[in-house]
Amino acid sequence: MANWKAIGGSVAVVAAVAAAGAGWWAYDTLETSRSDVADDRVTLADFKADPEAVARGEYVMRTGDCAACHTKGMGDFAGGYEIATPFGVLVSSNITPDATGIGAMTERDFFNALRQGIGQHGLLYPAMPYTAYKNLTDGDMHDLWAYMSTVPPVRNDIDETAGMRFPFNIRLAMAGWDMLFFENTGFDGDPVADRGRYIVDGGGHCSACHSPRNLLSAEVSSKYLQGGSLGTSYAPEITSNEYLGVGGQSVESIAQYLRTGTDGVAVAAGPMAEAVEHSLQYLSDEDLTAMATYLKSVPGSDAVAPPPLAADSLKQGALEYEISCSACHGPRGEGMGLLAPAFAGNAAMLAPDITNLSHALMVGGRASSTHENPTGAGMPSFAWKYTDAQMAEILDYVRNSWGNAAPPVKVEDIAKMRADSGARDKLSIPQ
Amino acid sequence: MTTKRQKADVVIVGLGWSGALMAEELTRAGLNVVAIDRGAWTDTSTHTPPSVDPDELRWSQRKELLSPPRDNTATFRNTLDQTAIPTRNWGVFELGGGVGGAGFHWAGMGWRFSPWDFEVRKQTIERYGLAKAEDGELQLQDWGVTYDELEPFYDRWERIAGVSGRAGVIKGEKTGVGNPFEGSRSRDYPTPALKTLRAMELFNDATNRMGLNPFTIPTANLSEPYVNPLGVSMGACSYCGFCLYFGCGNFSKSSPQACIFPVLMRRPNFTVLTKSCVTRLTKANDGKTVTGAVYVDEQGNEVEQPADIVILTAFMMDNTRILLHSGISKPYDPRDQTGVVGRNFTFQTVSGTDMWFEDDNINPFIGAGALGSQIDDYNGDNFDHSDLDFIGGAGILTLSRDGLPIAKANALPPGTQRWGSEFKKSYAKYYRNYATIFNQGCSMPTKTGYMDLDPNFKDKFGVPLLRLTYDYAQSDRNMAKFTMDRSLEIAREMGASHVNGFNFADKPFTTAIVASDHVIGGVPMGADRPTSAVNPYLQSWDCHNLFVVGASAFPTNAGYNPTGTVGALAIRTARAIADTYVKNPGALVEG
């Protein structure tokens with residue numbers, strides 16, 4: 001999943017920190033008594049699962065979105081997803097019951113890996129969200145184990161860290177990171193009564209993208225779910241904040257978005273489309289409703305709407321919008337059914353970080369394609385048609401019309417996106 | 001050497017509207033379907049997104065979405081005593097160049113045929129006597145399926161395509177709006193009719209004054225956002241007018257791409273092989289079934305796709321040619337009218353009028369591919385033919401389709417200077433003041449209108465080209481003259497200052513002139529085995545696991561665009577296969 005790329009990058013930074021602190025040993029984080037409930041004799045390859053546990057475990061797998069990172073064209077769960085970092089390439093592991101996968105793991109090994117980041121070849125990089133999976137209950141873990149035993153084994157020998165440069169390829173370095181940022185505890189609430197929070201913070205690992213991270217790539221707990229940058233995309237605030245978060249949306253519309261990829265206003269694209277396609281669309285209405293209810297209760301940022309930009313300054317953007325955008329996004333920013341997102345009433349479009357908007361204009365995008373809403377319409381690139389300044393005009397217009405208000409877009413942010421994404425320049429007109 | 005692929009439950013040849021509709025039904029029923037299409041993969045977001053300027057030169061003049069003539073031509077002659085030669089440019093055969101077929105670049109007319117169109121022979125004899133039906137030239141035959149039997153499948157197609165319109169007759173009751181002559185519908189259209197534009201307004205006012213019954217043509221250009229029964233979303237038409245020969249960037253023109261592929265491509269039991277051209281079918285030793293389809297892939301390799309069920313959903317010319325080349329069923333012989341494959345080629349019989357106004361603002365740049373007004377007062381058998389020298393009629397319509405400036409440069413009143421400042425002045429004025437009335441006339445088969453394999457010309461695979469022998473029936477010629485006169489009356493009533501009628505049927509038919517591109521027939525359906533190649537479920541009479549679907553099955557052609565009827569027949573056949581045939585393979589109809 002693309003959103004891990006940024007995290008993976010930061011992991012390497014952390015590795016440096018941890019290497020500096022080598023010799024330190026975090027007894028607490030390596031204390032594995034939570035795994036005592038798991039069997040330590042039968043390997044995954046030999047495990048005979050109970051069908052009911054398998055069915056439940058498949059659901060846990062969907063909740064955790066394992067396929068997003070562990071399936072990449074080499075067979076289901078056979079790994080091979082490359083996570084580019086400034087310090088090398090990290091490759092996701094084969095988690096099928098093959099000998100080249102995790103077939104030799106016992107259930108205890110599995111528990112240690114998922115909930116504590118202690119893998120069979122050493123410590124895991126936190127690109128694997130054990131920081132969230134630590135919240136999974138013993139029951140869900142048993143079921144997930146049972147499910148994984150039914151996955152067809154695929155022979156695919158992966159050296160996860162071969163592409164990482166020294167010293168970032170030393171897994172032991174993660175001990176330092178764990179010591180600083182990993183709290184070795186389970187879910188602190190009632191997984192039934194607090195079902196929404198249990199999924200959001202556990203399998204769903206929402207905060208992995210939607211919380212900002214510090215310089216050492218750890219989530220900033222004081223800004224929990226208040227929006228996080230992922231490099232080429234931005235995971236917006238999903239708290240009760242009414243201006244930028246989901247506070248203004250109904251529980252039903254949030255649940256509909258999670259289940260189908262759109263609530264008729266926002267449309268999931270990019271990494272969120274992957275989360276919806278691989279994971280969220282498989283969750284029950286009850287669970288999606290619980291998640292939505294919880295998100296609406298999360299304290300948000302203190303962001304409030306600024307006064308909208310003066311209408312006079314938006315005229316050129318309005319003209320460009322009418323020419324190039326209105327056919328699908330509507331003359332009044334109302335969107336097009338379930339097909340193309342609305343701008344009116346779409347809080348995520350107003351975030352101070354405009355990465356998603358500039359990326360869509362430069363590169364284009366593709367909406368999620370789900371069982372219920374399979375269309376998956378495309379947003380074309382307009383890099384050839386508009387300059388950076390014109391794109392800023394368009395964005396200022398949509399972010400300050402139809403009841404919207406947002407600070408002006410910086411042309412240099414758009415220029416940076418054009419450079420970073422490798423998008424072409426505006427087509428030149430022969431003089 | 002021919003390599004063999006793993007056997008499929010079903011092989012579908014041609015992934016246009018028919019193929020996509022059938023693949024959707026059959027994969028949903030659990031069958032493993034392989035579709036083979038000679039075109040490349042083509043979809044809205046990749047190939048015709050809204051950021052690609054709708055370039056008239058590229059798409060409409062040079063026809064970039066169409067399959068090039070070198071891949072699709074046929075030879076042609078008017079009469080049996082002539083030598084046919086190949087058509088070397090686009091003419092009436094306007095096939096799509098990619099998957100989706102012509103369903104991707106079509107205009108989007110969302111018609112049903114009228115009840116009369118399925119029983120032309122029976123009803124003509126009943127109302128006017130045998131002599132009217134058998135004039136020595138005509139070869140009338142009925143479809144073996146009635147409008148009422150097809151109605152649920154028309155309804156299903158309209159729901160999938162999201163057709164915009166206004167019902168004229170629901171459950172036998174006239175609604176007071178819409179087309180009062182239409183066959184009874186089970187319910188209204190899924191989306192409301194598009195807006196009435198200026199040319200339509202003039203037409204509606206004039207025909208109302210004349211006591212006629214104008215209505216808005218049903219369009220597969222959608223008036224509002226829509227989610228079809230498959231869960232696929234479509235957008236509202238923006239009246240940009242770039243529909244015919246263009247792909248619709250904002251998902252508002254129905255097509256296999258916009259309406260079906262999003263679900264079809266998700267299904268693990270569906271496979272499409274692109275850039276692969278089927279040349280023939282393989283037959284079982286006993287000749288009673290077919291065993292698969294043989295195609296030539298992009299690299300020129302010959303590959304066989306075995307299957308339990310073979311469905312031809314290619315263009316009508318190709319359905320016919322594949323059967324002839326595979327030696328399936330008896331070819332039609334025009335000398336004694338025996339044989340069935342290649343029989344009953346028909347076209348459409350088109351007349352109408354161009355007209356120009358002096359100080360109006362038709363503003364043709366606001367439009368939609370299928371948008372227009374029509375009267376059916378002179379269509380089908382909606383008027384008394386007792387004292388007329390023809391049967392059938394035409395949908396008389398005006399279009400608010402497009403304002404393509406290159407094409408419209410030719411639409412000037414007779415006598416207007418065609419160069420210099422005078423031309424520019426006239427064009428600036430008449431571009432905004434031009435309208436047309438188009439009579440989309442029915443076409444009745446004749447004993448000598450047919451297709452067979454050409455004895456002289458072959459395609460790039462060495463397969464003989466199809467040879468078309470056809471000219472208009474005299475009945476159709478008379479009809480076209482009659483309806484042209486009606487259109488002239490309407491044009492004058494509309495207040496046009498210049499009225500210039502046209503009639504394509506006052507000359508010999510030619511494949512080079514696109515009066516319409518609705519060529520049909522060749523594998524006619526029917527309940528009467530000696531005169532039909534497929535039964536009323538489009539199942540081959542001779543090979544029960546072969547279904548030949550599309551306009552090739554029409555035994556007669558109506559004064560409407562064919563796509564809705566093609567869609568309805570395809571869905572009906574797919575349901576018959578899924579519900580009945582797979583449980584007990586064999587003839588669905590005794591014959």
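pLDDT is the predictor's confidence in each residue, from 0 to 100, and this is a predicted model, so that score is a good place to start.

**Figure 1. The start of chain A, where pLDDT is under 50.** Residues 1-6 of chain A stay under 50 throughout. The model still gives this stretch 20 contacts beyond four places in sequence. For the chain as a whole, the average pLDDT is 91, and 93% of the residues in chain A score at least 70.

**Figure 2. Helices H10 and H12 of chain A, packed against each other.** Here we're looking at H10 (residues 251-260) and H12 (residues 285-295). Their axes sit 8 Å apart, at an angle of about 125 degrees. That angle falls between 115 and 145, so H10(A) and H12(A) count as oblique to each other. As for handedness, H10(A) passes H12(A) in a right-handed crossing. On the H10(A) side, the residues that meet H12(A) are A:Val251, A:Ile254, A:Ala255, A:Leu258 and A:Arg259. H12(A) brings A:Asp285, A:Leu288, A:Thr289, A:Met291, A:Ala292, A:Thr293 and A:Leu295 to the contact. Sorted by class, that's eight nonpolar, two polar and two charged residues.

**Figure 3. Helices H1 and H15 of chain B, side by side in the contact.** Over in chain B, H1 covers residues 17-28 and H15 covers residues 563-579. The two pack with axes 9 Å apart and an angle of about 30 degrees. Angles under 35 degrees count as roughly parallel, so that's the label for H1(B) and H15(B). The crossing is right-handed. From H1(B), the contact takes in B:Trp17, B:Ser18, B:Leu21, B:Met22, B:Glu25 and B:Leu26. The H15(B) residues include B:Thr563, B:Val566, B:Gly567, B:Ala570 and B:Ile571, and further along the helix B:Thr573, B:Ala574, B:Arg575, B:Ile577 and B:Ala578 also take part. The class split for this contact is 10 nonpolar, four polar and two charged.

**Figure 4. A four-stranded open sheet in chain B.** Read across, the strand order is S5-S4-S21-S20, and the pairing is mixed. The edges are S5 (85-86) and S20 (450-458), each pairing on one side only.

**Figure 5. A closer look at S4 and S21 in that chain B sheet.** S4 (residues 75-77) pairs with S21 (residues 464-469) in the parallel sense, over three bridges. Want one pair to find in the view: which residue of S21(B) is the bridge partner of B:Arg77? Look for B:Thr469.

Definitions and conventions
Residues are numbered from 1 along each chain as its sequence is written. Chains are lettered from A and ligands numbered from 1 in the order in which they are written. This is a predicted model: local features need pLDDT of at least 70, side-chain atom pairs count only at pLDDT 80 or more; totals for chains, interfaces and linings use all residues. Two residues are in contact if their C-beta atoms, placed from the backbone, lie within 7 Å. Axes are lines fitted to C-alpha atoms, for helices over the stretch in contact, and angles run from 0 to 180 degrees between N-to-C directions. Angles under 35 degrees count as roughly parallel, over 145 as roughly antiparallel, 65 to 115 as roughly perpendicular and the rest as oblique. A crossing is left-handed if the near helix is turned anticlockwise from the far one by less than a right angle, and right-handed if clockwise. Ala, Val, Leu, Ile, Met, Phe, Trp, Tyr, Cys and Pro count as nonpolar, Asp, Glu, Lys and Arg as charged, and the others, Gly among them, as polar. Two strands pair if DSSP finds at least two bridges between them.
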